[in-house]
Amino acid sequence: MTTLYTADHEWLRIDGDVATIGVTDYAQSQLGDVVFVELPKVGRALKKAEAVAVVESVKAASDVYAPISGEVLEVNDELAAEPALVNSDAAGKAWFFKLKIADKSELDGLMDEAAYAKHIA
Amino acid sequence: MMLASEVSASPPPLKQTPLHALHVARGGKMVPFAGYDMPVQFGPGVLKEHLHTRAAAGLFDVSHMGQIRLRPKSGRLEDAARALEWLVPQDILALAAGRQRYALFTNETGGILDDLMVANFGDHLFLVVNAACKAEDEALLQEHLSDVCVVEPLRDRALIALQGPKAESVLAKFDAGIASMNFMDTGPRRLAGLDCFVSRSGYTGEDGFEISVPADAAEGFAQALLADENVLPIGLGARDSLRLEAGLCLYGHDLDPATTPVEGALEWSIQKSRRKGGARPGGFPGANAILSQFEQGTPRRRVGLKAEGRAPVREGAVLFADETSPQPIGKVTSGGFGPSLNAPVAMGYLPSPLATPDTIVFADVRGQRLALRVAPMPFVPNTYKR
């Protein structure tokens with residue numbers, strides 16, 4: 001499994017034609033305490049770059065954009081019930097949703113871990 | 001996602017309070033606020049800072065606010081008090097020495113120009129006004145009161161708020177006498193060898209104090225307070241969530257020049273003496289409009305709103321009577337997450353017939369209509385020492 005990153009601080013874990021998507025630890029450190037997460041509906045067809053989820057901290061609301069196109073296969077209900085997981089385990093338990101990848105060529109524009117580390121440095 | 005920290009803005013030159021270096025040294029995340037470079041949060045973050053203030057004590061730098069002395073040229077305090085009543089609908093003449101009260105500068109249409117604290121220091125009045133309004137407030141006072149009073153902005157003083165259940169025991173180490181002060185008691189006191197003005201008041205709903213200290217000694221005094229393990233520095237983020245839970249207005253958001261005290265549900269702040277049938281009715285800007293609203297009511301009114309769901313409803317959200325109506329009925333003026341309630345809270349304006357507890361209205365949030373329940377304020381009971 002490879003993990004890829006967007007410049008907008010989402011991570012994608014690629015497993016065959018399924019991508020699991022969340023926000024990065026750097027993003028949560030900037031957001032502060034997360035108190036609400038809004039997830040997309042299962043079955044929704046996403047176009048790359050459209051707003052798909054919302055993360056709200058005490059301070060502000062931030063949109064999460066679809067890093068690639070595809071259909072929502074599954075969402076993390078545990079995260080909706082416990083939004084603070086974003087702060088405690090952004091790269092793990094706080095995954096947002098799983099996507100059936102529509103076009104694998106869209107992955108080409110994403111960063112690997114080293115490139116993302118440079119991006120936030 | 002787009003992080004707020006990545007939104008670039010052309011930075012205007014920002015002013016610094018006397019505690020600026022301390023904020024930076026303590027890891028404050030600095031943001032522009034009312035022309036000042038201020039800490040929005042420290043290491044623990046807004047949520048923990050908020051809860052710490054309600055559980056122990058929080059130290060807030062409010063030095064950006066304006067501190068103004070009004071000294072009567074005649075030497076008689078009542079002359080200054082009477083003159084200030086030309087500009088505010090509150091009873092200043094009856095304000096006893098050593099007491100302060102909440103007041104409002106109003107305009108000719110009855111709208112609110114600023115909200116402020118007025119203290120009677122015996123031989124003069126002492127005012128604390130909002131940072132964003134202080135230049136206009138000083139000009140207003142100069143224009144209308146300079147025949148009667150010396151209007152003296154105190155630019156060489158810092159203002160520190162110490163708030164929370166441990167505030168009294170922390171401050172009492174510097175002056176045991178503060179323990180006998182009650183809510184809204186105020187006056188000059190010597191603390192740590194410094195000439196301070198101490199009031200038992202604040203902006204969190206908690207018991208606490210606001211301490212005006214000479215600017216050059218402010219950092220040392222703040223450090224002495226922070227040396228107590230019960231005290232943490234608190235940023236503007238938690239200051240906002242604390243005051244929202246306490247149901248307290250933020251000027252420029254919940255109150256503005258197009259909003260009257262009656263619309264703002266601030267009738268309690270206007271004493272009977274200044275109303276119709278009182279000892280000195282009217283005589284302040286917008287008196288006709290405001291006093292007739294006491295009898296006739298207003299088309300709209302400020303209310304507290306509790307979300308039925310978990311999503312915060314923030315400032316600017318448009319309100320509707322039901323889930324489908326295209327016609328807006330009001331707007332949220334402050335809103336966010338209340339850490340002590342562990343739930344979203346907001347305040348906003350609704351048509352007066354709907355401004356009653358338990359009425360359900362709907363806010364548009366990202367295209368969805370979220371249910372809100374009109375709720376009494378404060379959302380979190382205050383703990384003032386009366």
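Domain bounds here come from an automatic or database domain assignment. In this predicted model, that assignment splits chain B in two: domain 1 covers residues 13-296, and domain 2 covers residues 299-380. Taken over C-alpha atoms, the centres of domain 1 and domain 2 of chain B sit 27 Å apart.

So what does the meeting place of the two domains look like? On one side, 16 residues of domain 1 of chain B take part, and they are in contact with 19 residues of domain 2 of chain B. Two helices of chain B, H2 (46-55) and H7 (236-245), are the elements that give two or more residues to the domain 1 side. Of these, H2(B) gives the most, with 4 residues. As for chemistry, the domain 1 side is a mix of 6 nonpolar, 6 polar and 4 charged residues.

Helix H2(B) deserves a closer look. Is it enclosed or open? Of its 10 residues, 7 are buried, so H2(B) is largely enclosed by the rest of the structure. The buried set is made up of B:Val46, B:Leu47, B:Lys48, B:Glu49, B:His50, B:Thr53 and B:Arg54. What do they pack against? Their partners in chain B are strands S2 (36-41), S3 (57-61), S9 (157-163) and S13 (231-233), along with helix H7.

Next come the nonpolar cores. The largest one has 123 residues, and B:Leu84, B:Ile160, B:Leu162 and B:Val313 have the most contacts inside it. Why does this core lie between the two domains of chain B? Domain 1 (13-296) and domain 2 (299-380) both give residues to it, so it ends up between them. To zoom in on one member, B:Leu84 touches B:Leu70, B:Ile92, B:Val118, B:Leu125 and B:Leu145, leaving out residues up to four places away in sequence. Another core, of 5 residues, lies apart from the largest one; among its members are A:Leu4, A:Trp11, A:Leu110 and A:Tyr116.

Finally, there is the contact between the chains. Here 19 residues of chain B are in contact with 22 residues of chain A. On the chain B side, H2, H7 and strand S16 (330-338) each supply at least two residues. That means H2 and H7 of chain B turn up at the side facing chain A as well as at the side of domain 1 that touches domain 2. Sorted by class, the side of chain B that touches chain A holds 10 nonpolar, 6 polar and 3 charged residues.

Methods
Residues are numbered from 1 along each chain as its sequence is written. Chains are lettered from A and ligands numbered from 1 in the order in which they are written. This is a predicted model: local features need pLDDT of at least 70, side-chain atom pairs count only at pLDDT 80 or more; totals for chains, interfaces and linings use all residues. Two residues are in contact if their C-beta atoms, placed from the backbone, lie within 7 Å. Ala, Val, Leu, Ile, Met, Phe, Trp, Tyr, Cys and Pro count as nonpolar, Asp, Glu, Lys and Arg as charged, and the others, Gly among them, as polar. A nonpolar core is a set of buried Ala, Val, Leu, Ile, Met, Phe, Trp, Tyr and Cys residues joined through C-beta atoms within 7 Å. A residue is buried if 20 or more other C-beta atoms lie within 10 Å of its own, exposed if 12 or fewer, and partly exposed in between; C-beta atoms are placed from the backbone.
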